[in-house]
Amino acid sequence: MKTLVIGATTNKDRYAYKAIQSLINKSHQVVAIGTKEGMALDVNIETTKLPFTGIDTVTLYLNPKNQEEYYDYIISLKPRRVLFNPGTENPAFYEILKQNNIEFEIACTLVLLATNQY
């Protein structure tokens with residue numbers, strides 16, 4: 001399964017970085033988008049909305065206002081689901097995802113991985 005982390009960072013103290021680390025440790029393929037280029041472990045953080053293929057899960061580390069510019073992009077990737085980590089909850093986006101038959105969960109990626117529910 002391939003996961004796209006949106007809101008990725010090179011800062012090891014941030015949850016987005018820890019999620020990338022956890023996903024890799026659990027043998028998931030990871031691609032990432034952030035505001036600054038760099039590397040999170042061996043994952044290149046892109047700053048543009050690349051047309052990734054085969055995305056199963058998009059996990060968000062952006063507040064609702066900053067998610068708006070990604071709505072159409074995320075829909076275009078046709079992921080199976082979108083995860084809203086704590087602080088990213090966004091009812092307006094839930095509706096858009098429902099209209100496009102994309103599942104969503106309000107859940108912490110780190111907890112899902114740690115409890116084998118990912």
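Which residues of the largest nonpolar core touch the most other members? In this predicted model, the answer is Leu4 and Ile74, within a core of 21 residues. Several elements contribute to the packing: β1 (2–6), β2 (29–33), β5 (55–60), α3 (71–77), β6 (81–84) and α4 (91–99) each provide at least two residues of this core. The greatest contribution comes from α3, which supplies five residues. Grouping of this kind fits a general pattern, since nonpolar side chains tend to be buried together in soluble globular proteins. A second core, separate from this one, has 19 residues, among them Ile45, Ala107, Leu110 and Leu113.

The surroundings of isoleucine 74 give a closer view of the largest core. Apart from neighbours within four places in sequence, isoleucine 74 is in contact with Ile6, Val58, Leu60, Pro79, Val82 and Phe93. Two of these partners, Ile6 and Leu60, also face one another in the sheet, with isoleucine 6 standing opposite leucine 60 in β5. Leucine 60 in turn stands opposite phenylalanine 84 in β6.

The sheet itself is open and consists of seven strands, arranged in the order β3-β4-β2-β1-β5-β6-β7 with mixed pairing. Its edges are formed by β3 (38–40) and β7 (103–106), each of which pairs on one side only. On average, and with direction ignored, neighbouring strands of this sheet are turned by 25 degrees against each other. Within the order, β5 lies between β1 and β6. The strands β1 and β5 run parallel and are joined by five bridges, while β5 and β6 also pair in the parallel sense, over four bridges. How many of the six residues of β5 are buried? Six of the six are, so β5 is largely enclosed by the rest of the structure.

Threonine 59 offers a good place to look inside this enclosed strand. This residue is found in β5, and valine 5 stands opposite it. With a relative accessible area of 0%, threonine 59 falls under the 20% limit and is therefore buried. Leaving aside neighbours within four places in sequence, threonine 59 is in contact with Thr3, Leu4, Val5, Ile6, Leu83, Asn85 and Thr109. Leu4, one of these partners, is also one of the two residues that touch the most other members of the largest core.

Polar side chains meet at threonine 59 as well. The side chains of threonine 59 and asparagine 85 are joined by a polar contact of 2.7 Å, and the side chain of threonine 59 makes another, of 2.5 Å, with the side chain of threonine 109. Is threonine 109 buried or exposed? Its relative accessibility is 0%, so threonine 109 counts as buried. Threonine 109 is found in helix α5 (residues 109–114). Beyond neighbours within four places in sequence, the contacts of threonine 109 are Ala19, Thr59, Tyr61, Leu83, Asn85 and Tyr118. Leucine 83 is 26 residues away from threonine 109 along the chain, yet their C-alpha atoms are separated by 7.2 Å.

Helix α4 shows how burial is distributed around a helix. Phe93, Tyr94 and Leu97 are buried in α4. These residues cover an arc of only 110 degrees around the axis, which means that they sit on the same side of α4. Pro91 and Gln99, on the other side of α4, are exposed. What covers the buried residues of this helix? The cover includes β5, α2 (64–67), α3, β6 and β7. Phe93 also appears among the contacts of isoleucine 74, a residue of the largest nonpolar core. After α4 comes asparagine 101, whose phi is positive, near 55 degrees.

Conventions
Residues numbered from 1 in each chain as written. Predicted model: local features only at pLDDT ≥ 70, side-chain atom pairs only at ≥ 80, totals over all residues. Heavy atoms only, no water. Core = buried A, V, L, I, M, F, W, Y, C linked by side-chain atoms within 4.5 Å. Buried < 20%, exposed > 50% of the residue type's maximum accessible area, 1.4 Å probe, protein only. Contact = heavy atoms within 4.5 Å. Pairing = 2+ DSSP bridges. Axes fitted to C-alpha atoms, helices over the stretch in contact; angles between N-to-C directions. Polar contact = N/O pair within 3.5 Å; in protein donor to acceptor, adjacent residues only side chain to side chain. Arc of directions from axis to C-beta.
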